[in-house]
Amino acid sequence: MKVKVSRKAHFNAAHRLFRHDWDDSKNSAVFGKCNNPNYHGHNYDLVVSVFGEIDQETGFVMDMKVLKELIKDKIEDVLDHKNLNLEVPEFKNLNPTAENIAIVVYNKLRPHIDSSKDLEVVLYETPRNFVTYSGE
Ligand code: NI
């Protein structure tokens with residue numbers, strides 16, 4: 001039997017969405033408030049899910065203590081209270097949209113989760129806007 005287990009997490013971060021090869025009016029038209037040249041913050045909510053067979057000895061799909069620590073070490077400590085554009089190398093040349101942040105989060109966690117398990121990352125940029133990435 002396969003079960004999906006999930007852990008919620010949270011971080012605050014600043015970003016700016018823009019392209020160097022677009023002029024100000026196009027950046028503003030496409031990225032709106034997220035194009036503010038002086039950056040701005042979001043309260044990101046994260047749901048990390050692991051899907052797979054239950055271990056017959058422990059009854060766990062994954063030890064949630066381990067998942068909690070993994071999210072703290074690899075995601076919260078790296079992204080929380082950071083300027084994503086300036087302080088997180090993955091976004092040096094990658095727009096920190098919710099889509100791209102979800103992919104970066106996935107790629108940071110994937111090597112540390114048993115390869116027999118599926119991983120899914122849901123990232124809320126606002127309470128109403130959220131994206132899902134599961135490695136495809
Ligand atoms: Ni924004």
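**Note on a predicted single-chain fold**

1. Tyr-39 is partly exposed, with a relative accessible area of 24%, and this residue makes a useful place to begin reading what is a predicted model. Why does Tyr-39 count as partly exposed? Its 24% is neither under 20%, which would make it buried, nor over 50%, which would make it exposed, so it takes the class in between. Tyr-39 sits in the loop that runs between helix H1 (24-31) and S2, and its phi is positive, at about 70°, although the residue is not a glycine.

2. His-81 is worth reading beside it, as another residue other than glycine with a positive phi, here near 60°. The loop that holds His-81 lies between H2 and strand S3 (82-83). Is His-81 buried or exposed? With a relative accessible area of 61%, His-81 lies over the 50% cut-off and therefore counts as exposed.

3. Turning to the chain as a whole, it holds four helices and five strands, and from the N terminus on these follow one another as β-α-β-α-β-α-α-β-β. Along the principal axes, the C-alpha atoms fill a box of roughly 60 × 25 × 25 Å. Of the 136 residues, 40% count as buried. Among contacts between residues at least 6 apart in sequence, 66% join residues at least 24 apart.

4. The sheet deserves a careful look. Strands of a sheet pair through backbone hydrogen bonds, either parallel or antiparallel. In this model the five strands form an open sheet in the order S3-S1-S2-S4-S5, and the pairing is mixed. Which strands stand at the edges? They are S3 and S5, and because each has a single partner strand, one side of each is left without a neighbour in the sheet.

5. The individual pairings show how the mixture arises in detail. S1 and S3 run parallel and are joined by two bridges, with Asn-83 in S3 as the bridge partner of Ala-14. S2 and S4, by contrast, run antiparallel and are joined by seven bridges, and here Phe-51 stands opposite Asp-118 in S4. S4 and S5 also pair in the antiparallel sense, over four bridges, and a hairpin of five residues joins S4 to S5.

6. The edge strand S5 can be followed residue by residue. Val-121 stands opposite Tyr-133 in S5, while Val-122 stands opposite Thr-132. Which residues make up the covered face of S5? Val-131 and Tyr-133 form the covered face, whereas Phe-130 and Thr-132 form the uncovered one.

7. In soluble globular proteins, nonpolar side chains tend to be buried together. The largest nonpolar core of this model has 31 residues, and those that touch the most other members are Phe-11, Leu-46, Ile-101 and Leu-123. The elements giving two or more residues to this core are strands S1 (2-15), S2 (40-53), S4 (118-124) and S5 (130-133), together with helices H2 (64-79) and H4 (98-109). Which element gives the most? That is H4, with seven residues. Setting aside neighbours within four places in sequence, Ile-101 is in contact with Phe-11, Tyr-44, Leu-79, Leu-84, Phe-91, Pro-96 and Leu-123.

8. Ala-98 offers a further view of helix H4, in which it lies. Since its relative accessibility is 9%, which is under 20%, Ala-98 counts as buried. What does Ala-98 touch, if residues up to four places away in sequence are not counted? Its contacts are Leu-123, Glu-125 and Val-131. Ala-98 and Val-47 are 51 residues apart along the chain, and their C-alpha atoms are separated by 13 Å.

9. The last point concerns empty space. Rolling a probe the size of a water molecule over the atoms shows where empty space is left. The largest pocket holds about 270 Å³ of space. Its lining consists of 13 residues, and Phe-18, His-20, Lys-92, Asn-93 and Leu-94 are those nearest its centre. How do the lining residues divide by class? Six are nonpolar, four are polar and three are charged.

Notes:
Residues numbered from 1 in each chain as written. Predicted model: local features only at pLDDT ≥ 70, side-chain atom pairs only at ≥ 80, totals over all residues. Heavy atoms only, no water. 1 Å grid on protein atoms, 1.4 Å probe; cavity = no way out; pocket = protein on both sides within 12 Å on 5 of 7 lines; lining within 4 Å. Points joined across faces, edges and corners; volume = space filled by probe spheres on them. Nonpolar A, V, L, I, M, F, W, Y, C, P; charged D, E, K, R; others polar. Core = buried A, V, L, I, M, F, W, Y, C linked by side-chain atoms within 4.5 Å. Buried < 20%, exposed > 50% of the residue type's maximum accessible area, 1.4 Å probe, protein only. Contact = heavy atoms within 4.5 Å. Pairing = 2+ DSSP bridges.
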